[in-house]
Amino acid sequence: MSNEFLTMKKSLPVLGIGLGLRRELAESTFENRDKIDWLEIVPENYMDLGGMARERLETALEAFPLVTHGVNLSVGSVDDLNQDYLKSLKRLLDKIKAPWFSDHLCFTSVGGKYLHDLLPLPCSKEAVKHVVDRIKIVQSYIERPFLVENISYYMSMPGSHMAEVDFLAEILEKADCGLLLDVNNVYVNSINHNFDPYKYLDKLPLSRTVQIHVAGHTHGEEMIIDTHGNPVIEPVFELLDYVLGETTVNAVMLERDQNYPQFSDILAELDQMRSIAGRYQPPLAKPSIAAAATNGFDIEDQAIFTQGKMPGRTLELAG
Ligand SMILES: [Fe+2]
């Protein structure tokens, strides 16, 4: 199995502690530039768009390092990869000079129709091969490192004959890609499916973690739901603490998507993430300007990001 990704990871910038850019939080986010190191954007909200979306993107790009976290790559689908989508995504990534990009280990489309939900894959050897092949195509076409995120799931898909953690680990290794580790998803799944989240983490190739998601969830009637609509709970911060003690990462961020609190509450959660990061990885916890300088990060010309390109892969999209 190739470990090219792990070598390349060393050349990626350390972005620090970030926040998801959301329309409802944008003004406060921009006003608090000194407390937020970088932003994650949902590319589907900005690809080939003008107007307010373009203005928000330009404002963000002037002040922050940006990376994308998509929802419609549908890397696990049996639909053909959407070439128009990939072209638009690549244009956006080139524009913002993102050091990496990410999406979920799931499928979101069937028969060309988008389902607006992140659906789990059958955890099988057949699905491993299918997803690995597609990740390699995507990564080589985009020419930037790709991170796959562990999703929250509420049922095991029929056809599964592997544990979800083994499925994820095998895909990461065989595709030689990065991990976007969502510690809230690990927690939510551990409660809903009754497993030890620390044993789960110990089975993953954590050294492939480039970015971590931290978020809150909601208690439903029978399960807890990954809503990103409540404060982060202490056991989730403890999982963050554990992972940062196990491996170095390049970025940690907070996902907050609904039931928005006072922005000071969001800043307090970022502070808590920063203090945890500081215990293990001081560069990750440094204030944004200092962190940027440490990384040789130049907001005007983010040329360092091109160092993150995967070398030696020339696959083109078919057609
Ligand atoms: Fe996430």
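Me: Before we start, what makes a residue buried or exposed?
Reply: A residue is buried if 20 or more other C-beta atoms lie within 10 Å of its own, and exposed if 12 or fewer do. Keep in mind that this is a predicted model.

Me: OK, helix H6 then. Which of its residues are buried?
Reply: In H6, the buried ones are Glu164, Phe167, Leu168, Glu170, Ile171, Leu172 and Ala175.

Me: And what do they pack against?
Reply: The buried residues of H6 pack against helix H5 (125-142), plus two strands, E7 (146-149) and E8 (178-182).

Me: How far apart are the end C-alpha atoms of H6, and why does that fit?
Reply: They are 16 Å apart. H6 has twelve residues (164-175), and at 1.5 Å a residue it should span 16 Å, so the two agree.

Me: What follows H6?
Reply: Asp176 does, and its phi is positive, near 50°.

Me: What unit do E7, H6 and E8 make?
Reply: Together they make a right-handed β-α-β unit. E7 and E8 run parallel, and three bridges join them. One pairing to find on screen is Leu147 with Gly178, its bridge partner in E8.

Me: What about the other strand next to E7: how do E4 and E7 run, parallel or antiparallel?
Reply: Parallel, with four bridges joining E4 (residues 101-104) to E7. Asp103 stands opposite Val148 in E7.

Me: Which residues of E7 are buried on each side?
Reply: Phe146 and Val148 are buried on one side, and Leu147 and Glu149 on the other, so to speak a covered strand on both faces.

Me: Back to Ile171. What is it in contact with?
Reply: Leaving aside neighbours within four places in sequence, Ile171 is in contact with Leu105, Val128, Val131, Val132 and Val148.

Me: Which residues touch the most other members of the largest nonpolar core?
Reply: That core has 82 residues, and the ones touching the most other members are Val148, Ile171, Val183, Val214, Leu240, Val252 and Met273. H5 gives the most to this core, with six residues.

Me: New topic. How are E5 and E6 joined?
Reply: By three bridges, with E5 (residues 107-110) and E6 (residues 113-119) running antiparallel. Val110 has Lys113 as its bridge partner in E6. Their hairpin has two residues between the strands, and Gly111 takes a positive phi near 60° there.

Me: Where is Leu39?
Reply: Leu39 sits in strand E2 (residues 38-41).

Me: Why does Leu39 count as buried?
Reply: Because it has 24 C-beta neighbours inside 10 Å, and the cut-off is 20 or more.

Me: Which residues does Leu39 touch?
Reply: Not counting residues up to four places away in sequence, Leu39 touches Gly18, Leu19, Leu21, Thr29, Ala60, Phe64 and Leu66. Check Met253 as well: it is 214 residues from Leu39 along the chain, but their C-alpha atoms are separated by 8.0 Å.

Me: Zooming out, how many helices and strands does the chain have?
Reply: Twelve helices and twelve strands. Buried residues make up 44% of the 319 residues. Among contacts between residues at least 6 apart in sequence, 80% join residues at least 24 apart.

Me: What pLDDT does the chain average?
Reply: The average is 89, and 89% of the residues score at least 70.

Me: Where does pLDDT stay under 50?
Reply: Over residues 287-291, for which the model has nine contacts beyond four places in sequence. Residues 293-319 stay under 50 too, and there the model has 46 such contacts.

Conventions:
Residues are numbered from 1 along each chain as its sequence is written. This is a predicted model: local features need pLDDT of at least 70, side-chain atom pairs count only at pLDDT 80 or more; totals for chains, interfaces and linings use all residues. The expected span of a helix is 1.5 Å times one less than its number of residues. Two residues are in contact if their C-beta atoms, placed from the backbone, lie within 7 Å. pLDDT is the predictor's confidence in each residue, from 0 to 100. Two strands pair if DSSP finds at least two bridges between them. A crossover is right-handed if, with the strands pointing away from the viewer, the path from the first strand over the helix to the second runs clockwise. A nonpolar core is a set of buried Ala, Val, Leu, Ile, Met, Phe, Trp, Tyr and Cys residues joined through C-beta atoms within 7 Å.
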